Amino acid sequence: MTTGDLSSKLNRDQAQAELFDLLRIPSVSADPAYRADVRRAGEWVRAKLEGMGFTARLDETPLHPVVYAERLVDPSKPTVMIYGHYDVQPEAPAEEWKTPPFEPTVRDGRIYARGSTDDKGQAYANIKGVELLLQEGELPVNVKFFIEGEEEIGSPSMVPYLQAHKDELKADVIVISDGSRFAKDVPTITYGVRGLSYVEIHVQGANRDLHSGSYGGAAPNPINALCEIIAKLKDDQGRITIPGFYDDVIPLTDDERKMWASLPHSDQDFMNSIGVKALPGEEGYSTLERIWGRPTLDVNGIWGGYQGEGSKTVIAAKAGAKVSMRLVPGQNPEKITKLIQEYVPQIAPAGVSVEVIDHHGGQPVKFATDSQAIQAANRALHRVYGRDAAFARTGGSIPIVAAFSEILGTEVLFVDYGLNEDAPHSPNESFAQEDYFNGILTAAYLLEELGNS
């Protein structure tokens, strides 16, 4: 089955209106106050798929439900499972949004809303791509949908779910659209994702907040101690100092370094895009190599002491920081978490007690670039963009990807529609209308090409 050009058959106004309805649901999985809204978003997706003729249901988990749907047209044809997530990051800081985060707004060709690119917009582009094909007749492949509601909190219920539904979730390939293309005019196939170890560091000093005049200079200061700890986690060459941290890293290949060096990247443009004047990081590696192929450690949040207006001369009793470590092939998140839990107490100054709390993690994954599915994706992207795809790894993490490989034994195919400038996880997250519509077309062509493989 080959439909030819589907662009003229895509009802863009309707596709956008439907996405807006989904974006208006504040499905923040990290906040228990939004639990009912997370479920509402899952039910919305289930109803949509059922309306398209899929057998669809909402499966319970200990936290948020999974949308599972299938349309099995012919056992002799390939089976494609499409993964995505309907949960979103918290909207905070709300005051930095130019328009309400859960009221989609179009400005300069972009849809602004929380979840617009991560991942409601991209996941829904895949749903609409399937619907577009159905307008032309029966699907060229068997299609399953697995849309979860916990990705933004590390997918904690998903491994047990995969194990319990292993036979039902069998497929020849799993398609994921939950990331960024290399650049606006560069279609991209992602062949690897970094893993993640996410922890909180808690520092405790005195048994209460202290007057800095009465106790300053004698009592331990948890905020100062926390700053010392954080400063010791990296050296002046940008390398992480945790003993054993790099022991299992699989180095970048020469071919990868050459391939990435050939991409149209400019450090100056990269700096301009985020409004900075330097790109500090691990010495000896290019910007793309640091982002895609090297492990990192970043402080994501920090707290302690007085935060209000004016002054309050106090030595806080406690302080803390949230720390994420992005991991590369070879590294194990459980091992890395244990290493930082052992290291932080060793570098903490005298007088404070410290605790490193494990939040969640995910395995790094890397795939081959020469499979039939990869070739099919390249053909689909060429039909939309008129050029072959670039091959990239992504700096982000999708915890469930490793589980797909380990539990289901299924090839994963990343075909992303977003861009880094979409600002996923940040205030004023957005998704270009053109990218959304191109994503719908790519999704339809991809199923055709996979059917022809």
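Mentor: Two strands count as paired if DSSP finds at least two bridges between them, where strands (E, at least two residues) and helices (H or I, at least four) are DSSP runs numbered from the N terminus. The structure above is a predicted model, in which local features need pLDDT of at least 70 and side-chain atom pairs count only at pLDDT 80 or more, while totals for chains, interfaces and linings use all residues. Residues are numbered from 1 along each chain as its sequence is written, and side-chain values use heavy atoms, with hydrogens and water left out.

Trainee: What makes S4 and strand S5 (residues 110-112) a pair?

Mentor: DSSP needs at least two bridges, and S4 is joined to S5 by 3 bridges, with the strands running antiparallel. One place to look is Thr-105, whose bridge partner in S5 is Tyr-112.

Trainee: In what order do the strands of the open sheet with S4 and S5 lie, and why does each edge strand lack a neighbour on one side?

Mentor: The order of this open sheet of 3 strands is S4-S5-S18, with antiparallel pairing. Strand S4 (105-107) and strand S18 (430-432) are the edges, and each has a single partner strand, so one side of each is left without a neighbour in the sheet. Ignoring direction, neighbouring strands here are turned by 30° against each other on average. Helix H1 (residues 12-23) lies across S4 and S5, running at about 20° to S5; for such angles, axes are lines fitted to C-alpha atoms (for helices, over the stretch in contact), and the values run from 0 to 180 degrees between N-to-C directions.

Trainee: How do you know that strand S8 (residues 188-193) is largely enclosed?

Mentor: A residue is buried under 20% relative accessible area, exposed over 50% and partly exposed in between, with a 1.4 Å probe and protein chains only. In S8, 6 of the 6 residues are buried, so the strand is largely enclosed by the rest of the structure.

Trainee: Which strands pair with S8, and in which sense, parallel or antiparallel?

Mentor: S8 pairs with strand S16 (residues 390-394) in the parallel sense over 5 bridges, and there Thr-188 has Ala-390 as its bridge partner. Strand S17 (residues 411-415) runs antiparallel to S8 and is joined to it by 2 bridges, with Thr-190 opposite Phe-414. Strand S15 (residues 365-366) also pairs with S8 in the antiparallel sense, over 2 bridges, and Gly-192 stands opposite Lys-366 in S15.

Trainee: Why is Glu-421 called exposed?

Mentor: The relative accessibility of Glu-421 is 55%, so Glu-421 counts as exposed. Glu-421 lies in the loop between S17 and S18. Apart from neighbours within four places in sequence, Glu-421 is in contact (heavy atoms within 4.5 Å) with Arg-110 and Ser-430.

Trainee: How do you know that the span of helix H3 (residues 120-136) agrees with expectation?

Mentor: The expected span is 1.5 Å times one less than the number of residues. For the 17 residues of H3 this gives 24 Å, and because the end C-alpha atoms are 25 Å apart, the two values agree. H3 is mostly covered, with 15 of its 17 residues buried, and just after H3, Gly-137 takes a positive phi of about 140°. Helix H13 (residues 433-452), with 20 residues, reaches 29 Å from its first C-alpha to its last, close to the 28 Å expected, and 16 of its 20 residues are buried.

Trainee: How are helix H2 (residues 35-51) and H3 placed against each other, and what is the handedness of their crossing?

Mentor: Their axes come within 11 Å and cross at roughly 15°. That makes H2 roughly parallel to H3, given that angles under 35 degrees count as roughly parallel, over 145 as roughly antiparallel, 65 to 115 as roughly perpendicular and the rest as oblique. The crossing is left-handed, a word used if the near helix is turned anticlockwise from the far one by less than a right angle, with right-handed for clockwise. Where they meet, Trp-44, Val-45, Lys-48 and Leu-49 in H2 touch Tyr-124, Ile-127, Lys-128 and Glu-131 in H3.
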